[in-house]
Amino acid sequence: MSDKPIFIKHANELITVAGGSDKPFKREEMNNLRIVKDGGLWIENGQIIAVGTTEEIQSKYSDRLNESIIVNATGKIVLPGLIDPHTHLVYAGSRENEFNMRLNGATYMEIMNNGGGIHATTTRTRAASYEELLSESKARLDSFLKHGVTTVEAKSGYGLDWDTEKKQLEVAKQLNEEHVIDVVRTFMGAHAVPANYKENPDEFVRIVIEEMLPQVAKENLAEFNDVFCERGVFTPEQSRKILEAGKTYGLIPKIHADEIEPYEGAELAAEVGAISAEHLLRASDNGIKKMAEKEVIGVLLPGTAFFLMAESARGRKMIDEGVPVALSTDCNPGSSPTTSLPFIMNLACMKMGMTPAEAITACTINAAHAINRSKEIGSIEVGKKADIVMMNVPNYMQLQYHYGMNHTDMVIKNGKIVVESGQLC
């Protein structure tokens with residue numbers, strides 16, 4: 001990878017998504033991609049230095065063109081590096097057997113309550129060595145990168161005991177240091193109630209609050225604190241206790257909300273000041289209204305609904321009601337085993353009524369807001385990190401029109417070319 005400046009020229013559409021660094025885009029704002037035709041970019045020292053038309057950039061840096069790497073984007077689109085704000089990146093094993101069970105009529109909660117689901121992955125993740133987790137997770141990050149993703153959030157939650165939760169977070173930390181993709185860490189010790197606490201879930205809540213959260217803060221292992229608020233998992237009151245406790249340690253609250261049934265998760269997200277509420281397949285009208293009022297990011301996961309053969313979240317209603325919406329793969333072994341964020345954008349359009357422009361906004365600047373990174377990434381603006389993806393389509397509409405395909409041609413991360421012609425450099 002070279003340290004030379006990079007000059008991107010003749011982008012058919014340079015999709016900047018500019019102007020949303022202070023507040024996420026909502027309603028009609030999500031359709032305004034701030035496109036520059038025949039766009040040009042000058043990148044240097046890992047940052048975006050100049051944005052404009054090719055002619056403007058070429059004129060401004062005419063005396064330095066010979067020292068730069070010139071990328072010809074003729075016939076292609078250039079947009080901010082994609083951001084995945086909700087993944088369960090670090091885990092061991094797979095659960096294809098459960099996929100077959102669901103095809104034969106078993107529900108997600110039936111499988112989980114009979115020792116499958118999260119519990120099955122917990123068993124495998126506990127047994128895996130640090131090196132095994134690191135290797136498996138690195139391979140997933142490589143796949144994310146080839147799909148144009150330059151930043152991911154990674155949750156723990158497949159330990160449900162301190163040693164394994166810590167192991168997951170430490171693997172994520174090492175990946176952030178060693179892999180080109182930025183990995184943002186979320187503690188999710190409250191992902192499920194362990195089998196040995198099934199009859200006394202309040203005791204496990206106490207352990208999360210009094211034993212795990214202080215260690216997470218002391219060792220600086222995570223930035224966010226998440227909980228699965230769902231009937232049969234954690235009640236709204238238990239979830240509130242965990243999220244409020246996390247706030248006392250400086251951890252920003254997130255919440256898995258209303259995935260299986262309406263359970264006041266969206267309302268709780270607004271009440272505790274969560275940065276995001278995630279899933280939301282069954283969020284109530286009142287919950288959506290409260291999220292809009294408090295500008296809680298709705299992180300929607302249409303791939304999960306697709307894989308579970310369930311009805312998707314009401315993305316169209318949320319946007320129309322003023323909820324700032326982001327999108328994510330929910331990459332995990334049980335309900336969304338994918339690393340293709342472009343396919344998630346396809347599903348958002350086809351299953352939730354979002355427009356192609358809204359889908360891009362949801363995977364760039366709004367996703368950046370969902371992980372508290374909007375000042376650094378998520379749009380193509382002077383001074384931001386040079387996280388850029390070039391797609392081999394002539395306009396952004398074709399990104400969704402040619403669905404289920406990986407159109408990623410080039411990825412630039414921190415000002416360096418890391419994917420070229422669709423392959424890792």
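The exercises below work through a predicted model, from an annotated site to a strand hairpin.

Local features need pLDDT of at least 70 and side-chain atom pairs 80 or more, while totals for chains, interfaces and linings use all residues. Residues are numbered from 1 along each chain as its sequence is written, and side-chain values use heavy atoms, without hydrogens or water.

**Exercise 1. Locate the annotated binding site and decide whether its residues are scattered or gathered.**

Step 1. Take the residues from the record. An unreviewed UniProt entry gives "binding site" at His 86, His 88, His 256 and Asp 330. UniProt positions follow the numbering used here, feature names are shortened, and annotations may be inferred rather than shown by experiment.

Step 2. Compare sequence with space. The four span 245 residues in sequence, yet no two of their C-alpha atoms are more than 12.3 Å apart, so they gather at one spot.

Step 3. Check the largest cavity. Its lining includes His 88, His 256 and Asp 330 from this set. A cavity is a set of points, on a 1 Å grid over the protein atoms alone, where a 1.4 Å probe fits but cannot get out; lining residues have an atom within 4 Å of a point.

**Exercise 2. Trace the polar contacts that involve His 86, His 88 and His 256.**

Step 1. Place the residues. His 86 sits in the loop between β6 (82-84) and α2 (96-103). His 88 is in the loop between β6 and α2 as well. His 256 belongs to strand β10 (residues 252-257). Helices (H or I, at least four residues) and strands (E, at least two) are DSSP runs, numbered from the N terminus.

Step 2. Check burial. Buried means under 20% relative accessible area (1.4 Å probe, protein chains only). His 86 is buried at 0%, His 88 at 2% and His 256 at 2%.

Step 3. Link the side chains. His 256 makes a polar contact with His 86 at 3.5 Å. His 86 makes one with His 88 at 3.4 Å. His 88 makes one with Asp 330 at 3.5 Å. A polar contact is a pair of N or O atoms within 3.5 Å; within protein, one must be able to donate a hydrogen and the other to accept it, and residues adjacent in sequence count only if both atoms are side-chain atoms.

Step 4. Add other contacts (heavy atoms within 4.5 Å). Those of His 86 include Lys 155, Glu 278 and His 279. Those of His 256 also include Lys 155, Glu 278 and His 279.

**Exercise 3. Describe the setting of Ser 137.**

Step 1. Ser 137 is in helix α5 (residues 130-146). Its relative accessibility is 0%, so it counts as buried.

Step 2. Its side chain reaches the backbone oxygen of Leu 133 at 2.8 Å.

Step 3. Beyond four places in sequence, Ser 137 touches Leu 89, Val 90, Tyr 91, Val 171 and Leu 175.

**Exercise 4. Work out which strands pair with β2.**

Step 1. Apply the pairing rule: DSSP must find at least two bridges between two strands.

Step 2. Strand β1 (residues 6-15) runs antiparallel to β2, with 7 bridges. Glu 13 has Lys 37 in β2 as its bridge partner.

Step 3. Strand β3 (residues 47-53) is also antiparallel to β2, with 6 bridges. Here Ile 43 is partnered by Ile 48.

Step 4. Inspect the turn. The β2-β3 hairpin has 2 residues between the strands, and Asn 45 takes a positive phi near 55°.

Step 5. Assess burial. In β2 (residues 35-44), 7 of the 10 residues are buried, so the strand is largely enclosed by the rest of the structure.

Conventions:
1 Å grid on protein atoms, 1.4 Å probe; cavity = no way out; pocket = protein on both sides within 12 Å on 5 of 7 lines; lining within 4 Å. Buried < 20%, exposed > 50% of the residue type's maximum accessible area, 1.4 Å probe, protein only.
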